Amino acid sequence: MVSRVIPVDNFDLVIFGGTGDLARRKILPGLFRRFLAGQMPADSRVIGAARSDLDDDGYRALIKDAIAEFGGPEKEDAEKLSAFLAQLAYVQIDAMGEGGWGALAKLMRKDVVRAFYFSVGPSLFGALAERLHKHKIADRNSRIVVEKPFGRDLASAQALNETLASHFKETQIYRIDHYLGKETVQNLMAVRFGNVLFEPLWNNHYVDHIEITVAETVGVGGRGAYYDKSGAMRDMVQNHLMQLLCLIAMEPPSRYGPDEVRDEKLKVIRALDPIDAHHIVRGQYDAKGEEPSYREDVDNAKSFTESFIALKCGISNWRWAGVPFYLRTGKKMKSRVSSIDVVFKDLGHTIFEGDHSRHRNILSIRLQPNEGMDLQVTIKEPGPGGMRLIDVPLDMTFADALGDDAEDSADAYERLIMDVIRGNQTLFMRGDEVEAAWAWTDPLIEGWEARNDVPKTYEQGSAGPEDAMALMHRDGRKWREIKG
Ligand code: NAD
């Protein structure tokens, strides 16, 4: 298959925090891949802006090292890498002071798309927005990209939205959730709304339940201090899992446009039921051999913060009433897996003698590893011996089905950055969506804080605490296995 990469308009992309971890690990290596794919126009520029005392060449050296460390096999192309690095520039800037802003203003060109990536902590968002205006660097068409965490509760998210709104229109604000940039996530919409097969079955008449799992094998790493103030609910459920839930559950938008899609997602969040305490299981990983426990990792022997959470929730609308959605996410789990499983109902009656098992169709959507989908179907076991039924997956691993096109496809960050340059907000969160998600999350967190709920410990390398299994067993169901 032939890749179809459409170049974007010329741009000046300023990355505030351009020397930071996210810029070095994801943003710049991703931009290099877009450059190699021919999507980044030769006249475009990426301008790093941060506190470090560097000049253009110093910044290029830093990014060259970052690409050597975090880039893929493409980093071996020295000639192309030099051409890409030549499109980088650097400005030393202080977000909280006036240093560097004049120099940045002089660098910016007219008649190109101006985009500003706020790859810094949220406490700097207001200062950056204000100075971009004061120094007349942002124009009416400029876009800003803001990173998670977008607040830590409803009040702080509202305050952040207000700060940004005092300088930028909503159509200029791109709140990034990199899960939405994943190929499979967009494919979820293509599968649902581009086929006649699934949509008629996508409701409480045919769906038994839906599982969303985001399991990581890593612990809190060097982010212990931050993570311990956040936990799995704020760090993963409120944003990533909530976004996946919305895309699975939303009504078909009237067209694939930014507000049409986001209006439908918002309706899902607003229709989420409050959750009873006994439908929430929180956990903390225990020590194992040399491996420290969660509490040791965050250096807080009394921490009540969860490194794992499982929830059962419901959506009160015509389509989903009565269908449980089971969500779970955690650190130090068995495998690194992100998946959504749509488990369809039993047939109700079998015509096959001796077949007492529960054969079910299951549509599994894998975000990682091996992005793809499979549909479990029931067939006859091959060979003689009568009609015995078995379940097999109809597998569509994108790398197999799409060959080179799948390999060439952009990873989440680079795809989303190109969407910013194109001015397409479909895969970014709108302010009201983020606030609605916090409005649902806040009472749950307040509830377990008021109860002094102590997270259950779980073994590292497991599927989470026993109570998480019980959450489904009580309903006569079982989590899908976490397979790497
Ligand atoms: P980092 O600490 O590695 O880098 C911070 C950057 O901000 C540095 O370039 C630093 O020079 C710059 N900076 C700090 N104070 C400044 C100031 N006063 N003026 C100008 N520049 C200043 O942080 P990071 O990990 O790159 O994260 C950046 C943002 O992205 C954070 O909001 C973080 O929560 C979010 N994020 C990071 C990741 C990740 O994988 N690192 C993932 C998701 C979200």
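## Ligand site and helix packing

A nitrogen atom of the ligand sits 3.3 Å from an N or O atom in the side chain of D94. The model is predicted. In it, 20 residues surround the ligand. Helix α1 gives the most to that shell, and α1 also meets helix α2.

**Polar contacts of the ligand**

- T19 places a polar side-chain atom 2.7 Å from an oxygen atom of the ligand.
- A95 uses its backbone: one of its polar atoms there is 2.8 Å from a nitrogen atom of the ligand.
- The ligand taken alone exposes 840 Å². The protein buries 73% of that area.

**The shell around the ligand**

- The closest residues are T19, D21, R25, A95 and V120.
- Three residues of the shell come from α1.
- Eight shell residues are nonpolar, six are polar and six are charged.

**Packing of α1 and α2**

- Helix α1 spans residues 21-36, and helix α2 spans residues 56-70.
- Two packed helices are described by the angle and the distance between their axes.
- Here the axes come within 9 Å and cross at roughly 95 degrees.
- An angle of 65 to 115 degrees counts as roughly perpendicular, so α1 and α2 are roughly perpendicular to each other.
- From α1, the contact uses R24, R25, L28, P29 and F32.
- From α2, the partners are Y59, L62, I63, A66, I67 and F70.
- The residues of this contact divide into nine nonpolar, two charged and no polar.
- R25 appears in both settings: it is among the residues closest to the ligand, and it is one of the α1 residues that meet α2.

Note on methods:
Residues are numbered from 1 along each chain as its sequence is written. This is a predicted model: local features need pLDDT of at least 70, side-chain atom pairs count only at pLDDT 80 or more; totals for chains, interfaces and linings use all residues. Side-chain values use heavy atoms; hydrogens and water are left out. Axes are lines fitted to C-alpha atoms, for helices over the stretch in contact, and angles run from 0 to 180 degrees between N-to-C directions. Helices (H or I, at least four residues) and strands (E, at least two) are DSSP runs, numbered from the N terminus. Angles under 35 degrees count as roughly parallel, over 145 as roughly antiparallel, 65 to 115 as roughly perpendicular and the rest as oblique. Contact means heavy atoms within 4.5 Å. Ala, Val, Leu, Ile, Met, Phe, Trp, Tyr, Cys and Pro count as nonpolar, Asp, Glu, Lys and Arg as charged, and the others, Gly among them, as polar. A residue is near a molecule or strand if one of its heavy atoms lies within 4 Å of it. A polar contact is a pair of N or O atoms within 3.5 Å; within protein, one must be able to donate a hydrogen and the other to accept it, and residues adjacent in sequence count only if both atoms are side-chain atoms. Accessible areas come from the Shrake-Rupley method with a 1.4 Å probe; for residues, only the protein chains shown count as cover.
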